[in-house]
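Reader: I am new to reading structures, and I would like to look closely at a single part of this one rather than skim over everything. Could you take me through that part slowly and show me how it sits in the rest?

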Amino acid sequence: QVQLVESGGGVVQAGGSLRLSCAASGSIFSINDMSWYRQGPGKQRELVAAITRGGNTNYADSVKGRFTISRDNAKNTVYLQMNSLELEETAVYYCAAGARATTAVDLKEYWGQGTQVTVSS
């Protein structure tokens, strides 16, 4: 099995910055794409950013130019640098990864428990 643990959430004023981390652990054979999603109050979960193993990135239009996703393959960790945060970006941020466990044949999507980000005025 593969476990994902997010960290770095908290309370930040509008216009401020936070850096989220998500570390994968367990019986990992390989990790492909890693992503960040968020779900705000009363909203559906949405993709924020994604990164391939090779470093190609994809962002939601709303965060382009403000958020940066990166990863350290040696540490099985993905990061999300969030700048110029806006009030409406208050949400639980989730990490997801397409990974193959050592005991598995196929890739499976794994999710973290989420970390709360609250943007205050």
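Author: Let us begin with the contacts of the whole chain, and then narrow the view. Among the contacts in the protein with a separation of 6 or more, 55% are made by residues that stand 24 or more positions apart. Please keep in mind throughout that this is a predicted model.

The protein has 11 strands and 0 helices, and when it is read along the sequence the pattern is β-β-β-β-β-β-β-β-β-β-β. Its radius of gyration is 14 Å, close to the 14 Å that the globule rule gives for 121 residues, so the protein is as compact as a globular protein of that length. Along the principal axes, the C-alpha atoms fill a box of roughly 45 × 25 × 25 Å. Of the 121 residues, 42% count as buried, while the protein exposes about 6300 Å², of which carbon and sulfur atoms supply 46%.

The part I would choose for a close look is strand S9, together with what surrounds it. Strand S9 covers residues 91-101 and pairs with strand S4, residues 28-39, in the antiparallel sense over 9 bridges. Within this pairing, Tyr-93 of S9 stands opposite Arg-38. Strand S4 also pairs with strand S5, residues 46-51, again in the antiparallel sense, this time over 5 bridges, and there the bridge partner of Arg-38 is Glu-46. Arg-38 is therefore a useful landmark for your eye, since it has Tyr-93 opposite it in S9 and Glu-46 as its bridge partner in S5. The hairpin of S4 and S5 has 6 residues between the strands, and in it Gly-42 takes a positive phi near 70°.

If you now follow Tyr-93 into its surroundings, you will find that, leaving out residues up to four places away in sequence, it touches Glu-6, Leu-20, Trp-36, Tyr-37, Arg-38, Val-48, Phe-67, Leu-80, Met-82, Gly-114, Thr-115 and Val-117. Three of these names, Trp-36, Leu-80 and Met-82, return when we turn to the largest nonpolar core, which has 32 residues, for they and Tyr-93 are the ones that touch the most other members. At least two residues of this core come from each of S1, S3, S4, S5, S7, S8, S9 and S11, and the largest share, 6 residues, comes from S9.

Strand S9 has a further link to look at, for the structure holds 1 disulfide, formed by Cys-22 and Cys-95 with their sulfur atoms 2.1 Å apart. Cys-22 lies in strand S3 and Cys-95 in strand S9, so the pair ties together parts that are 73 residues apart in sequence. The torsion about the S-S bond of these two residues is about -75°, so the disulfide is left-handed. Both Cys-22 and Cys-95 are buried.

From here we can move outward to some loops. Most residues other than glycine have a negative phi, and with that in mind two residues deserve a second glance. Asn-76, in the loop between S7 and S8, has a phi near 50°, a positive value in a residue other than glycine, and Ser-84 likewise has a positive phi of about 50° although it is not a glycine. Ser-84 is found in the loop between S8 and S9, which brings us back to the strand we started from. Asn-76 counts as partly exposed at 23% relative accessibility, and Ser-84 is also partly exposed, with a relative accessible area of 38%.

Finally, consider two places beyond this part. Gln-1 lies in the segment before strand S1, and, leaving aside its neighbours within four places in sequence, it is in contact with Ser-25, Gly-26, Ser-27, Ala-101, Thr-103, Lys-108 and Tyr-110. The C-alpha atoms of Gln-1 and Ser-62 are separated by 33 Å, the two residues being 61 apart along the chain. Thr-57 lies in strand S6, residues 57-59, and counts as partly exposed at 40% relative accessibility. Not counting residues up to four places away in sequence, Thr-57 touches Ala-50, Ile-51 and Ile-69, and its C-alpha atom is separated by 8.3 Å from that of Ser-70, which is 13 residues away along the chain.

How values were computed. Residues are numbered from 1 along each chain as its sequence is written. This is a predicted model: local features need pLDDT of at least 70, side-chain atom pairs count only at pLDDT 80 or more; totals for chains, interfaces and linings use all residues. Side-chain values use heavy atoms; hydrogens and water are left out. Two strands pair if DSSP finds at least two bridges between them. Helices (H or I, at least four residues) and strands (E, at least two) are DSSP runs, numbered from the N terminus. Contact means heavy atoms within 4.5 Å. A nonpolar core is a set of buried Ala, Val, Leu, Ile, Met, Phe, Trp, Tyr and Cys residues joined through side-chain atoms within 4.5 Å. Buried means under 20% relative accessible area, exposed over 50%, partly exposed in between (1.4 Å probe, protein chains only). The radius of gyration is taken over C-alpha atoms; the globule rule is 2.2 Å times the number of residues to the power 0.38. Accessible areas come from the Shrake-Rupley method with a 1.4 Å probe; for residues, only the protein chains shown count as cover. A disulfide is a pair of cysteine sulfur atoms within 2.5 Å.
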